[in-house]
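Me: Please take a close look at one part of this model for me. I would like to see how one strand pairs with its partners and what it packs against.

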Amino acid sequence: MDRTRLVNVIVVALLLVAAAMVLASPTGPLAPWLYPLDYGEATLTIHDENGTALGTVDVRTADTERERHIGLSKTDALEAGAGMLFLHPESGSYAYVMRNMSFPIDILFIDTEGQITEIHHAPVPADPRNPDRRYRGHGQYVLEVPYGWTNETGIAVGDRVDIPDSVHD
């Protein structure tokens, strides 16, 4: 095989591998079939520093890359007492966007010990298909609840979220 043909075969093979990786990625066009959504469920309780319960929320849990990417974007609204808990494999700095969102939310970042480290009040973006605002925070978990819920309940940075062990199974 001459050198030019060998180079062409290698280039075509690399392009095929790259295309397969894009198609099979958790956010690619084949994702709905390769990575079905399978949200878990849990009930979280939030306490202040004195241990007083400030509120409870029933959540769907998103622990895969695809579930975290889609988040609440396929949800029409959040009822009072409902939310979504995003679980990351490790603690770190994360940025959340309001991609394809049609309702506002509060976004709470929670560290590995359950302490709230950041709270954002996120309105619906001007262009939900291409949101420009990133809500940043540090933690291993992110809780999204109805807009204004943290103000109504008095939940603040430093309060603690009880995350059941069943969430990690």
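Reply: β1 and β2 run antiparallel and are joined by eight bridges. Strands (E, at least two residues) and helices (H or I, at least four) are DSSP runs, numbered from the N terminus. Two strands pair if DSSP finds at least two bridges between them. This is a predicted model: local features need pLDDT of at least 70, side-chain atom pairs count only at pLDDT 80 or more, and totals for chains, interfaces and linings use all residues. Residues are numbered from 1 along each chain as its sequence is written, and side-chain values use heavy atoms, without hydrogens and water.

Five residues separate β1 and β2, which form a hairpin. In its turn, Gly51 has a positive phi of about 90°. Opposite Leu44 stands Val57 of β2.

β1 has another partner. Three bridges join it to β7 (residues 160-162), again antiparallel. Here Thr45 stands opposite Asp162.

Now follow Leu44 inward. Its contacts (heavy atoms within 4.5 Å), leaving aside neighbours within four places in sequence, include Val57, Val59, Leu85, Leu143 and Ile163.

Leu44 also belongs to the largest nonpolar core, which has 19 residues. Such a core is a set of buried Ala, Val, Leu, Ile, Met, Phe, Trp, Tyr and Cys residues joined through side-chain atoms within 4.5 Å. Buried means under 20% relative accessible area (1.4 Å probe, protein chains only). Leu44, Val57, Leu85, Ile110, Ile116, Leu143 and Ile163 have the most contacts inside this core. Among the elements giving it two or more residues are β1 (40-47), β2 (53-62) and β3 (82-96).

Conventions:
Buried < 20%, exposed > 50% of the residue type's maximum accessible area, 1.4 Å probe, protein only.
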